[in-house]
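Subject: Structure handover

Hello,

Here is the structure for your files. Please look it over before reading the notes underneath.

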Amino acid sequence: MNDRVYRRREVLKHMALGVGALGFGSLRVSGADEPALTLPNGQPLPPIGMGTWIAFNVGADPALRDARAEVLRAFFAHGGGMVDCSPMYGSSAQVLGHALQRLGVPDTLFSAEKVWTRNSHEARQQIDAQRAAWHVPAFDLLQVHNLMSWQAHLDTLAQLKADGALRYVGVTTSHGRRHRELERVLETRDLDFVQLTYNITHRDVERRLLPIARERGIAVIANRPYDGGALIRTLKRSHAVPSWARDAFGCETWADYLLRFIVSHPAVACAIPATSQLAHMHENMRAGVGSMPTPDHRARMVRDLESI
């Protein structure tokens, strides 16, 4: 069993059927008989999404906006689905909206936004403003950003979902903050997604949060997969990709190595690297197809990184 190479397409096939297979927890909505998480066109959610923090906060500069549109075009060309943004990310929503108007909105877009305000009465106004910036009729997923005023905002998002104005509800943290509070939220609230920081050098969530999410059928979005970019820059500059990883699961690049480690965890539905570079987008998206590391491979990957 440990030598088995999990293939992502097998996982996605079973996700599309709404069953947990190969030891992977089913990605729920709220019950075992309901369908797995999907794109708006009904296809399974691809494991590599796209973040926008910093990378898309380029203001009104026409050339920079057009360059980000080409990054988004490449993302969709590779079959990308989830695009994540937040009111905290400056002009990113407006830049996304510019790109979507230029490219058209594909039926593969899984729009993931956040609520980020301490005032519960401002949530719906903020959601409407972000939706207008994206130029989309509604969001697929709304998340309470960094657990800010999460009690009141989750009630608002649950009502939007009950009214049919929203498909999925979630919460987020980053940088390993507020994990005890997040654990309480996961155990007590009805959620579809949780977004948190998880990468090969930040694995604290493996002890409590990922098992809880898996047990409760809450899909995990992994942010900061490259530790803010510092991790992959250091590796690319100074080290070759281990040759055994190429032989074991077709790993060609450090993006392959780092992203496949994340999305091969059974609780993780999607990783959301952010980039402003076309070449990096191509690298990121190639990590979502082909063979995935087994549990034995994952353990060896950790040992290799710790030895560098």
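The notes below go from the whole chain to the cores, the aromatic pairs, one surface patch and two threonines.

Overall
The model is a predicted one. The protein has 308 residues, and 54% of them are buried. Its secondary structure consists of 12 helices and nine strands. Among contacts with a separation of 6 or more, 76% are between residues 24 or more positions apart. The accessible surface is about 13200 Å², with 49% of that area belonging to carbon and sulfur atoms.

Nonpolar cores
The largest nonpolar core has 80 residues, and the members that touch the most others are Trp 134 and Tyr 257. Helix 10, which covers residues 254-263, contributes most to this core, namely eight residues. What does Tyr 257 contact once its neighbours within four places in sequence are set aside? On the lower-numbered side the partners are Ile 200, Val 241, Pro 242, Trp 244, Ala 245 and Cys 251. The list is completed by Arg 300, Met 301, Asp 304 and Leu 305. A second core, separate from the largest one, has 14 residues, including Leu 37, Leu 45, Phe 110 and Leu 141.

Aromatic pairs
The count of aromatic pairs is eight. A pair of rings is described by the distance between the centres and the angle between the planes. Phe 75 and Phe 76 form a tilted pair, 5.5 Å centre to centre with 55 degrees between the planes. Phe 75 is buried, at a relative accessible area of 0%. Phe 76 has 14% relative accessibility and therefore also counts as buried, the cut-off being under 20%.

Phe 110 and Tyr 168 form a stacked pair, with 5.7 Å between the centres and 15 degrees between the planes. This pair links distant parts of the chain: Phe 110 belongs to strand 3 and Tyr 168 to strand 5 (residues 168-172), and the two are 58 residues apart. Both Phe 110 and Tyr 168 are buried. Ring pairs also bring in Phe 193, giving a cluster of Phe 110, Tyr 168 and Phe 193. As noted above, Phe 110 is also a member of the second core.

Surface patch
Trp 53, Ile 54, Met 88 and Trp 116 make a nonpolar surface patch of about 380 Å². Trp 116 sits in the loop between strand 3 (110-115) and helix 4 (123-134). Is Trp 116 buried, exposed or partly exposed? Its relative accessible area is 32%, so Trp 116 is partly exposed. That value also meets the patch criterion, because patches are made of residues with over 30% relative accessible area.

Two threonines in loops
Thr 52 lies in the loop between helix 1 (8-17) and helix 2 (62-77). Its relative accessible area is 0%, so Thr 52 is buried. Apart from neighbours within four places in sequence, Thr 52 contacts Asn 57, Val 83, Asp 84, Cys 85, Tyr 89, Ser 92, Leu 96 and Ala 274.

Thr 294 is placed in the loop between strand 9 (291-292) and helix 12 (295-307). Thr 294 is buried, with a relative accessible area of 0%. From Thr 294 to Ala 248 the C-alpha to C-alpha distance is 9.2 Å, and these two are 46 residues apart in sequence.

Regards

Definitions and conventions: Residues numbered from 1 in each chain as written. Predicted model: local features only at pLDDT ≥ 70, side-chain atom pairs only at ≥ 80, totals over all residues. Heavy atoms only, no water. Core = buried A, V, L, I, M, F, W, Y, C linked by side-chain atoms within 4.5 Å. Buried < 20%, exposed > 50% of the residue type's maximum accessible area, 1.4 Å probe, protein only. Helix = DSSP H or I, 4+ residues; strand = E, 2+ residues; numbered from the N terminus. Contact = heavy atoms within 4.5 Å. Patch = residues over 30% accessible without salt bridge, like charges linked within 9 Å, V, L, I, M, F, W, Y side chains within 5 Å. Areas by Shrake-Rupley, 256 points an atom, 1.4 Å probe, with all protein chains shown as cover. Salt bridge = Lys/Arg side-chain N within 4 Å of Asp/Glu carboxyl O. Phe/Tyr/Trp six-rings, centres within 6.5 Å; stacked < 30°, edge-to-face > 60°.
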